[in-house]
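Open the model in your viewer and keep the selection panel handy. We will go from stop to stop, picking residues and looking at what surrounds them.

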Amino acid sequence: MRPPFLLTAGLPALALAACTPSTQHLHTAPPPPRNDWALASDIPVDPAFRFGKLANGMRYAIRRNATPKGTAMVRMEIEAGSLDEDDGELGYAHFIEHMAFNGSTHVPEGEMVKLLERDGLAFGADTNAQTSFGETLFMLDLPRADPALLNTVLMLMRETASELTIDPAAVTRERGVVLSELRDRNSWQLHNAVEQIKFTHPAARYGQRMPIGTTQSLENASAETLKIFWKREYVPKHATVVVVGDFDPDLVETEIRRRFGDWQGPAAEPQPDAGPVDPKDNHRTDVYLDPALSERVTVSRNGEWIYEPDSVAQRRENLLREIGTQIINRRLLRLTRQPDPPFRGAGFGSSDVFRAARTSQLLVDTVDRKWQRGLIAAAQEYRRAMRYGFTAGEVAEQVAIIRNNARNAAASAQTRDNRALVSAVISFLRDDVVPSTPESGLERLEAFIPQITPDAVLAAVKREAVPLKDPLLRFSGRTAPEGGAAAVRAAWDSAMRPKVSASTSATQSGFGYTDFGPPSAVVSDTRESQLGIREVRFANGVRLNLKHSDLEKDRVLVQFSLDGGDMLATRNNPLAVEMADNLSAGGLGKHSQDDLQSILAGRTVGVALTSTPETFVASAQTTPGDLELQLQLYAAMITDPGYRPEGESLYRLSINNFFARYKATPNDALHNSIGGLLSDNDPRFTLQPVDDYRKLTFAKLKSDITDRLARGAIEIGLVGDFDEEKAITLVGKTLGALPPREPDFRAYPDQRQRPFTADHSSRLVRHTGAKDQAMLRLVWPTRDGEDPVEAMKLQLMEKLVQIALTDTLREALGKAYSPGAFSEISRVWRGYGTFSINASVDVGDVAASRAAILKALADLRAHPVSADMLRRASEPMLEAFDNALKTNRNLLSLVDRAQTEPDRIERQLKARERLSALTPVDILAEAQRYLTPEAMVEVLVLPEGVDPPPAP
């Protein structure tokens with residue numbers, strides 16, 4: 001394992017997972033290079049995978065899979081990342097990733113993305129790449145398993161591998177895009193993460209090799225120097241091609257051999273070590289401040305990395321470690337659920353640092369100026385676990401969770417989706433984790449469970465964890481700790497001195513909600529004709545929609561919709577449902593949230609109510625065997641919510657932190673102000689004063705939502721592998737047994753009115769981030785989504801504008817990394833919709849970027865788009881429509897409200913026909929109707945203290 005740091009993913013962090021080696025299976029010999037598909041292991045490889053290697057050293061992996069049916073995923077991983085860069089090459093691996101889309105021997109610059117769009121692959125969604133410390137991964141998702149499309153995609157992968165032109169003019173243009181990405185990522189989160197790495201592993205190579213690079217290195221990069229890196233690193237022995245999908249493996253293997261068999265290159269150079277990391281490094285303390293940071297104390301110690309090959313014995317060892325680590329974190333979580341918790345959150349774990357070291361850490365997040373109390377409480381919990389170990393009840397709870405997950409995986413093994421199988425190959429490639437079958441994994445688990453004892457778990461945790469003796473201590477926050485670094489060290493030392501007592505765990509009784517009254521009779525039972533959705537109505541008014549599906553074996557998706565949601569928020573009471581998402585933290589009347597976690601261990605259920613624009617919604621994935629419990633949870637949730645004070649505490653802990661950083665980046669500042677700007681400060685859509693949030697209580701929430709919980713209309717959607725008759729009976733015994741509900745969802749005519757500002761002057765918003773970061777948002781009012789043809793026109797126009805922005809603002813001018821167009825048409829707010837363009841740019845490029853956007857829009861209003869542009873925009877949409885009903889999740893979006901919103905089915909089934917009928921003239925008329933200069937509202941986000949550019 002290694003710290004994840006992908007340029008397409010989130011922030012770097014040491015993975016708190018039980019995955020490091022133990023001395024029990026110590027191998028002192030150097031580990032082998034990244035695997036050759038031939039590891040010596042007693043873990044049987046899933047025979048459905050086909051692994052191979054060409055004569056030139058390139059590896060490939062193939063797997064036939066039909067989930068989703070008729071689709072595929074193709075990946076090419078190059079074992080070259082920022083670790084491979086010399087001092088003058090910082091950011092080159094990522095730069096080459098960009099250049100892969102900018103011209104090769106057989107594909108002119110700018111044509112690769114267009115070629116894929118014409119074949120139905122959307123840029124970004126289906127066509128992407130990522131660069132990390134050790135690898136560069138190219139990712140293409142095929143919307144159809146067409147041999148001709150596979151041939152095209154493999155051709156493009158081969159072009160990337162050996163045929164890039166890396167033209168000087170193309171490098172100059174793309175440099176602006178890469179620098180824009182660097183600018184966009186220059187945030188308080190990144191600064192803190194990098195400084196954390198440098199503090200914990202100060203001499204390590206990886207800490208000096210952030211994949212994004214540096215401004216100086218990127219500005220100095222030339223076509224010649226980039227080619228040197230590319231030719232050195234893009235060699236057959238560094239490459240692996242993965243194809244998973246609905247293809248004949250023989251066909252795929254033949255095409256891989258045909259495309260890559262003649263690829264030659266220089267000998268592969270070994271990747272430099274990510275370290276060094278000094279195991280003796282201790283007793284250092286650091287204080288790092290940033291106005292956007294909430295308080296955290298990180299306690300770390302480093303140890304030697306130990307090579308442990310994947311084996312049955314090692315997986316058992318890892319399982320014991322996982323159980324112990326999870327128990328410690330469960331105890332820490334329990335402390336956050338107190339009415340007056342000592343910290344906002346805490347976690348303990350160990351992980352490998354590449355193959356250079358292993359690190360154990362205790363992380364403690366607190367509210368401002370409460371770090372000392374939080375650190376001491378977390379440290380004592382860590383000491384308690386290491387001194388006294390774990391109880392049988394705690395171990396049993398974790399075993400129940402792990403066993404349930406393993407059983408679920410085995411039951412649904414034959415319908416694993418392409419993404420899960422690709423991930424298994426990547427784990428095999430990077431971390432030598434053999435991809436075995438879920439069924440064999442369950443068999444090994446069941447055989448080992450009798451040996452999982454509290455003593456065995458504690459011993460495994462101690463073998464893994466580096467003792468936190470005289471550790472590295474790092475404080476991060478917005479306010480310096482009183483007494484500075486010395487006070488942080490003193491607090492840790494004081495936490496180490498007192499004696500600690502053993503932990504006790506209360507025995508939980510069974511779930512207390514199984515009887516909701518006499519089952520309700522079915523008063524209506526029909527079947528919708530187009531998708532075969534069964535529509536049932538019970539005597540108490542509850543509606544149930546069922547769609548049996550074999551797309552995922554032993555899986556059932558449940559969605560519960562209750563009238564109300566944001567409709568309860570009014571101008572006079574805009575925060576009525578602000579705390580609704582915290583309701584589950586208050587538990588149920590008979591069980592706290594913490595009790596529920598133990599009671600429900602080993603069951604596949606979920607309970608979390610969310611307020612959406614017009615309903616309260618709870619969604620969960622369960623199994624046929626746990627469906628009854630899931631429905632009981634929903635019934636209990638609305639009949640006996642707990643409203644416990646710990647739920648309030650968790651909410652309040654987040655408020656101050658939110659307001660302390662709500663302007664910390666351009667995106668944050670825009671997101672938190674745009675609602676008020678566009679609604680002329682309608683309080684329902686405007687951020688309120690912080691004190692208004694601090695005053696909120698569960699008592700107020702209860703008064704605002706109790707009527708809806710007791711009487712509001714309910715509609716339930718079920719999709720998956722279940723027996724329809726049994727499901728109807730179970731709903732009748734639970735939600736159907738409740739007292740009568742209102743027969744229909746309320747209309748809320750007044751609340752459905754949402755204003756769009758009449759003031760079309762430019763607005764200025766300030767942020768507190770980097771001084772070179774600006775964001776430009778242009779917004780137009782459109783319409784609501786009631787007319788499906790008009791909605792489709794706006795959706796297609798969004799795709800066309802997105803392509804125009806990418807072609808101009810990104811590719812031609814290099815002003816923005818990820819400009820975006822968004823059509824948001826509402827079926828909640830009557831007559832309301834918006835069309836927006838967003839571009840994150842340098843403060844010095846605001847005027848030029850605005851001019852480029854307005855010119856692109858003027859062209860769109862002046863003449864019809866070309867047939868090729870229309871094809872590039874529409875083909876990915878058409879493919880998406882064709883694949884929409886191949887997953888249970890998408891089916892549920894039509895099933896959940898099939899009785900009260902039946903037109904959604906018709907809209908989905910006619911979407912392809914309606915899109916295919918649209919012409920360039922239709923889009924011209926749409927642009928002329930909506931995207932006019934006089935209707936536009938411009939919102940410019942600039943750093944504090946930076947003057948806006950002159951008005952255009």
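Start by selecting Pro-68, in the loop that runs between strand S2 (59-64) and S3. Keep in mind as you look that this is a predicted model. Now add Thr-67 to the selection: the peptide bond joining Thr-67 and Pro-68 is cis, with omega at about -5 degrees.

For another cis peptide bond, go to Gly-275 and Pro-276, where omega is near 10 degrees. Pro-276 sits in the loop between helix H8 (249-260) and strand S7 (285-289).

**Glu-89 and helix H7**

Next, select Glu-89, in the loop between strand S3 (72-78) and helix H1 (92-99). Is Glu-89 buried or exposed? Its relative accessibility is 9%, so Glu-89 counts as buried, the cut-off being under 20%. Show what surrounds Glu-89: leaving aside neighbours within four places in sequence, the contacts are Asp-84, Ser-217, Phe-229 and Arg-232.

Phe-229 and Arg-232 lead you to helix H7 (residues 223-233), where both are among the buried residues. Colour the rest of that buried set too: Ala-223, Leu-226, Trp-230 and Glu-233. Which elements do the buried residues of H7 pack against? Display S3, H1, H3 and helix H4 (168-184) to see them.

**The largest cavity**

Now look for internal space. The whole structure holds five cavities of 30 Å³ or more, and the largest has about 70 Å³ of space. To find the largest cavity, select its lining: Phe-101, Met-112, Leu-116, Asn-128, Phe-138, Met-139, Leu-140, Leu-156, Met-157 and Thr-160. Helix H2 (111-118), strand S5 (136-142) and helix H3 (147-162) each give at least two residues to this lining. Colour the lining by residue type and you will find eight nonpolar residues, two polar and no charged.

**An aromatic pair**

Switch on the aromatic side chains. There are 19 aromatic pairs in the whole structure. Pick out Phe-348 and Tyr-382: their ring centres are 5.4 Å apart and their planes lie at 45 degrees, so this pair counts as tilted. Phe-348 belongs to strand S9 (residues 345-353) and Tyr-382 to helix H10, so the pair ties together parts that are 34 residues apart in sequence. Both partners are buried: Phe-348 has a relative accessible area of 2%, and Tyr-382 has one of 9%.

For a group of rings, select Phe-658, Phe-659, Tyr-662 and Tyr-693, which ring pairs link into a cluster.

**Tyr-388 and Ser-501**

Return to helix H10 (residues 371-388) and select Tyr-388. With a relative accessibility of 37%, Tyr-388 counts as partly exposed. Beyond its neighbours within four places in sequence, Tyr-388 is in contact with Leu-458, Val-500, Ser-501 and Ala-502. Which atom of Val-500 lies 3.0 Å from a polar side-chain atom of Tyr-388? Zoom in on the backbone oxygen of Val-500. You can also draw a distance from Tyr-388 to Pro-454: the two are 66 residues apart along the chain, and their C-alpha atoms are separated by 9.9 Å.

Step across to Ser-501, in the loop between helix H15 (484-496) and strand S12 (522-527). Ser-501 is partly exposed as well, at 46% relative accessibility. Not counting residues up to four places away in sequence, Ser-501 touches Arg-384 and Tyr-388.

**Around helix H13**

Select Asp-432, in the loop between helix H12 (418-431) and H13. Asp-432 is not a glycine, yet its phi is positive, at about 60 degrees. At 6% relative accessibility, Asp-432 counts as buried.

Move on into helix H13 (residues 438-448), whose buried residues include Pro-438, Ser-440, Leu-442, Arg-444, Leu-445 and Phe-448. Show helix H9 (312-336) and helix H11 (392-411), which the buried residues of H13 pack against.

A positive phi also appears at Asp-470, where the value is about 50 degrees. Asp-470 lies in the loop between helix H14 (454-464) and strand S11 (472-477), and at 31% relative accessibility Asp-470 counts as partly exposed.

**Last stop: Lys-815**

Finish at Lys-815, in the loop between helix H24 (788-812) and strand S21 (820-825). Leaving aside neighbours within four places in sequence, show its contacts, among them Ser-180, Arg-183, Asp-845 and Ser-849. Then draw a line to Ile-638: the C-alpha atoms of Lys-815 and Ile-638 are separated by 51 Å.

Methods:
Residues numbered from 1 in each chain as written. Predicted model: local features only at pLDDT ≥ 70, side-chain atom pairs only at ≥ 80, totals over all residues. Heavy atoms only, no water. Helix = DSSP H or I, 4+ residues; strand = E, 2+ residues; numbered from the N terminus. Buried < 20%, exposed > 50% of the residue type's maximum accessible area, 1.4 Å probe, protein only. Contact = heavy atoms within 4.5 Å. Polar contact = N/O pair within 3.5 Å; in protein donor to acceptor, adjacent residues only side chain to side chain. 1 Å grid on protein atoms, 1.4 Å probe; cavity = no way out; pocket = protein on both sides within 12 Å on 5 of 7 lines; lining within 4 Å. Points joined across faces, edges and corners; volume = space filled by probe spheres on them. Nonpolar A, V, L, I, M, F, W, Y, C, P; charged D, E, K, R; others polar. Phe/Tyr/Trp six-rings, centres within 6.5 Å; stacked < 30°, edge-to-face > 60°.
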